[in-house]
Amino acid sequence: MAPEDRSRPAGPADAGVAVVIPAKDEADRIAATVTAARGLPAVDLVVVVDDGSSDRTVEIALDSGARVLRHSRNRGKGAAMETGAEGVLMVEEHEAAAGTVRPPRHLLFLDADLAETAKDAAPLVLPVLEGTADMTVALFPATRLRLGGHGFVVRLARDGVRKATGWEPEQPLNGQRCLKRAAFEAARPLAPGFGVETGLSIDVLRAGFRVKEVEVPLEHRATGTDLRAQMHRARQFVDVARALAARDLGPAVRRTWGDAVDGARGRAKEMSRKIGQIARKKR
């Protein structure tokens, strides 16, 4: 059954929104991201989770008006998201102890490198506030045009979510998401590392919550095509595969693995050829 058809009681109309921003070495963009996030509808709290940065991310985030939680070492995106949600809960417990009782805030997760474009995340928030969705997932128009969703990691995640839930997301790895607190809690513990978005989609849908993709004009730093970018995609693939295997989708992982290995070999050969050409030109 399509996720939009699933019903769930709407949350309290006066629930606010807390923005959680996992960040690692984002000193150049975190100020703009936090400032933009603070201006979004119903947002009254921004929490940055510094995941083992070695630059000035913490200081700049604090100066920009965010509350900051810090991991002493890099623990991955999934752990950062959980830490952020726990931080929001702690704030609410302090508010309640001081006499301010309010419904749990919805959680809006944004990447730290969105910079000024984070101001355009409002369409993610509104369906959750209005009770027409329990989780929204962003669609980036620029990514849609540039990649068309044909990367091997995207295919693995998309096929895994479809096999597990019957819903086929267009951008299954998009980390910009707004959730009702109950939907987030239903997905805990989150999948580790870069498998977090895939696991989150499966767990939220399996729990009967409604999920909706929403087009938003956001843009973050491009991953690129160099060796470092290819290593990043390899780590993504492994983390997504683990998230699927943990959700009883091992056969889907194995089928896609063969296609991915063939594709990776082809890219490695092409990269080796280009390096050889560059070396010959320098002689």
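This text walks through a predicted model of one protein, from its overall make-up to single residues.

Start with the whole. The protein has 283 residues, and 49% of them count as buried. Its secondary structure consists of ten helices and seven strands. Now look at the contacts between residues at least 6 apart in sequence. Of these, 77% join residues at least 24 apart.

Next, find strand β1, residues 17-23. This strand is mostly covered, with seven of its seven residues buried. Its side chains point two ways. V17, V19, I21 and A23 face one way. A18, V20 and P22 face the other way. Both sets are buried.

β1 has partners. One is strand β2, residues 43-51, which pairs with β1 in the parallel sense over seven bridges. Within this pairing, P22 stands opposite V49 of β2. Helix α1, residues 30-38, joins the picture here. Together, β1, α1 and β2 form a right-handed β-α-β unit. Another partner of β1 is strand β4, residues 106-109. These two strands are also parallel, and four bridges connect them. Here A18 stands opposite L107 of β4.

Step back along the chain from β4 and you reach R105. This residue sits in the loop between α3 and β4. Is R105 buried or exposed? Its relative accessibility is 2%, so R105 counts as buried. Look at what surrounds it. Leaving out residues up to four places away in sequence, R105 touches G16, V17, A18, D44, L45, V88, V91, E92, E95 and R181. V17 and A18 are two residues you have already met in β1.

The helix before that loop is α3, residues 77-97. It has 21 residues. From its first C-alpha to its last, α3 reaches 30 Å, close to the 30 Å expected at 1.5 Å a residue. After α3 comes G99, whose phi is positive, near 105°.

Now turn to the nonpolar cores. The largest has 40 residues, and L179, L200 and V204 touch the most other members. Helix α6 gives this core its largest share, seven residues. A second, separate core has 31 residues, including A36, V43, V48 and A122.

Take two of the well-connected residues in turn. L200 lies in helix α8, residues 196-206. Why does L200 count as buried? The cut-off is under 20% relative accessible area, and L200 has only 1% relative accessibility, so it counts as buried. Beyond residues up to four places away in sequence, L200 touches M81, M135, R177, L179, A187 and L190. L200 and A243 are 43 residues apart in sequence, yet their C-alpha atoms are 9.4 Å apart in space. V204 is the other residue to examine. With residues up to four places away in sequence again left out, V204 touches M135, L179, A183, A187, F209 and V211. M135, L179 and A187 therefore appear among the contacts of both L200 and V204.

Finish with the aromatic rings. How many aromatic pairs does a search of the whole structure find? There are two. One of them is formed by F152 and F237. The ring centres lie 5.5 Å apart, with 45° between the planes, and the pair is tilted. This pair links distant parts of the chain, 85 residues apart. F152 belongs to helix α6, residues 152-165, while F237 belongs to helix α9, residues 227-246. Both F152 and F237 are buried.

Conventions. Residues are numbered from 1 along each chain as its sequence is written. This is a predicted model: local features need pLDDT of at least 70, side-chain atom pairs count only at pLDDT 80 or more; totals for chains, interfaces and linings use all residues. Side-chain values use heavy atoms; hydrogens and water are left out. Buried means under 20% relative accessible area, exposed over 50%, partly exposed in between (1.4 Å probe, protein chains only). Two strands pair if DSSP finds at least two bridges between them. A crossover is right-handed if, with the strands pointing away from the viewer, the path from the first strand over the helix to the second runs clockwise. Contact means heavy atoms within 4.5 Å. Rings of Phe, Tyr and Trp (its six-membered ring) pair if their centres lie within 6.5 Å; planes under 30 degrees apart count as stacked, over 60 as edge-to-face and the rest as tilted. The expected span of a helix is 1.5 Å times one less than its number of residues. A nonpolar core is a set of buried Ala, Val, Leu, Ile, Met, Phe, Trp, Tyr and Cys residues joined through side-chain atoms within 4.5 Å.
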